Every structure is written in structure tokens, then in C-alpha cells.
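Colleague: I should like to learn how to read burial and internal space in a protein model. Please take me through the case shown here.

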Amino acid sequence: MNLPESTDLDSGTGQKLAPLAGRDKAATEQFVRANLGWMLAVARRIVVDGSIAEDVVQDAFSNVFRHLEAFRGDAALKTWMHRIVVNQALMALRKQSRRNEQPIDELLPEFDAAGCRVDEPSMLSHLAQTPEALLLSSDRRQQVLANIDRLPDSYRVVLMLRDIEELSTAEVAEMTGLTEANVKVRLHRARAALKKLLSPLFEGTAL
Amino acid sequence: MNIMPSSVRQRIRSIMFKLPLMITCAEFEEFITAYLDGSLNNKQRRIFEFHLAVCRECRDYLAAYRSAMTVTRDVLDAETADTLADVPEDLVSAVLATRIPQNRR
């Protein structure tokens, strides 16, 4: 998962939560500070819009606080909170009307009548040898983000949940209401579409 | 590498992909996610990897597909690092404000 590996909140969950359940002010603030950053990052990845992401985090925290007393430690605290913020973000996303998404059909690979691939070769296929610094210049990052955002939400979300949030196919199916087979198809199409969207950014890259 | 015109290469490939244990690029495409998951059985994996060995187009395609995944992950990791480094204080206050007044109940 794209979260900091381990905060001290993951160990001895019960003990750490006691002051929170008792509404200790300092402990609450420490808890919020330890978790707000990664929760905001998750929300931004899913809803994209920064201010909606902040609303999502607020709602997620109020959910967490509301159910903290009932949290039995049957899952890691962070795993539980992660699901809460993802679910909250998905709900917010459903209420949004979407921006400039591109139809998925235009972004899928093409084959001739005999089933042979007819795609243009992509510079991305040589990227493994490219120094990371080149890939992650601030301009490049913005371009990559803008192109991820062109994926239709119903595909982009599956890609985020599977490849970035590292949820299982079954979990994603449950959270989105899709069948597992559909999750797999959408994940593949989202990746294939992203390959097509990102390829032009790397044309002319010095290898 | 491109000595033959691509139309000729394409015809050779379309004939070759009809041989036993061969799949077309379109069929190969359907197996990519399962291959990357490690969920193909041995026979399926051998067929997939055989296609990969004989088809340069699919080799390039799969490499680009994986690179796109890596680039996406790297960029989103960098975004996460930025978010963690610069947590908005007004959001911290807003979250605390919803919780702390309850202390005084």
C-alpha cells in the first residue's frame, strides 16, 4: 500500500486507542496528525479534486471517531481506516460530474482481422533503462497526472484501487459493486489505455 | 531489424499464430493481467511466454504496458510524499474541531 510503512499506531492498537476513546485531547491531535496525510493522499488519488478530497478526509475521520469504540482490533487499525477513506471517496466521486474523460474505446489496443497487433511502437517499452530523475521532473509528473485523469472514472478508480491502493479483486468488487470478472477486465483496459495515453509523453526521450 | 515490409511480417505472423499452441496477439492481450498476477496455469503460461518469444510487437507492447504501470506508481508515490510533507493545518484544525468539543459533554 502507498502508506507509510508503520506508524506506532499499528502496534498495540488497543492501548493506543484507549486515550482516543476517552477523548484525550493531546492523543486525539497526535492521532489526527499521524493519519491525516496518508488519508488525504488516498482521497486525492480517487476524487482528484483537492477540496473534495479534504471533505472526504473530514467525513472519514468523523466515521472513524464514531466507530472507534466499536473497533475490536480484528483488522489492523490502518487497514480499517484505509477502507473507510476509500469508501468515503467513492461515495464523493459518485456525486461528482466528470470533467474531460476520454472514451475508453479510443484508448484500447488495435488488432487486424487476423488478430495481429497493429499498434505504433511506444518509447515506453525502453523506459526501464531510463534514469528515474528524468521521469519524475515536475513537468513530467503534472503531465502524467493530467493523463491519468483522462481515463473514464469507472476505469481509473479500478486502476487506483487495484494497482495503487493494492486492494484485492474481491475487495474492489465489493466496494464498487462490480463483478470480479468485470474488475479484472476494467483493470486491464485501464492499464492498456494508460499505456496509450502516456506513450506520447515519452516520445523523443533520450535513452 | 525491419528488413521485411510490415505487411509481409504481418502475414507471416497471422499464419504462424494459427499453429498448435500458438495464440494471436488479440488472445495474448486477454491474458496479460492474469500473467502479471501469476494466475495462469503452467500450460497457459508456456503458451503466453512462447507468443512473447516469437512476437516482437507484443514484447514491446508488454514492456510499455509495464512501464506505464511503473511510471504511474512512481508519480503517485511522489504525490503522496508531497502530501505527507505538507499536511494542511486548516484541515487538521477542522478535523479536531469536530471531535474535541465532545470532551466537554
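**Burial and an enclosed space**

Modeller: Of the 207 residues in chain A, 49% are buried, where buried means under 20% relative accessible area with a 1.4 Å probe, protein chains only. This is a predicted model, in which local features need pLDDT of at least 70, side-chain atom pairs count only at pLDDT 80 or more, and totals for chains, interfaces and linings use all residues. Residues are numbered from 1 along each chain as its sequence is written, chains are lettered from A and ligands numbered from 1 in the order in which they are written, and side-chain values use heavy atoms, without hydrogens and water.

Colleague: How many helices and strands are there in chain A?

Modeller: Chain A has 9 helices and 0 strands; these are DSSP runs, helices being H or I of at least four residues and strands E of at least two, numbered from the N terminus.

Colleague: How does one find empty space, and how many cavities of 30 Å³ or more does the structure hold?

Modeller: Rolling a probe the size of a water molecule over the atoms reveals where space is left empty. A cavity is a set of points on a 1 Å grid over the protein atoms alone where a 1.4 Å probe fits but cannot get out. The structure holds 1 cavity of 30 Å³ or more, and the largest cavity has about 40 Å³ of space, a volume being the space filled by probe spheres set on the points, which are joined across faces, edges and corners.

Colleague: Which residues line the largest cavity?

Modeller: Among them are A:Leu159, A:Asp163, A:Arg191 and B:Met69, a lining residue having an atom within 4 Å of a point. Helices H7 (153–164) and H9 (180–198) of chain A and helix H4 (56–85) of chain B each give two or more residues to this lining.

Note on methods
On a 1 Å grid over the protein atoms alone, a cavity is a set of points where a 1.4 Å probe fits but cannot get out, and a pocket is an open set with protein on both sides within 12 Å along at least five of seven lines; lining residues have an atom within 4 Å of a point. Buried means under 20% relative accessible area, exposed over 50%, partly exposed in between (1.4 Å probe, protein chains only).
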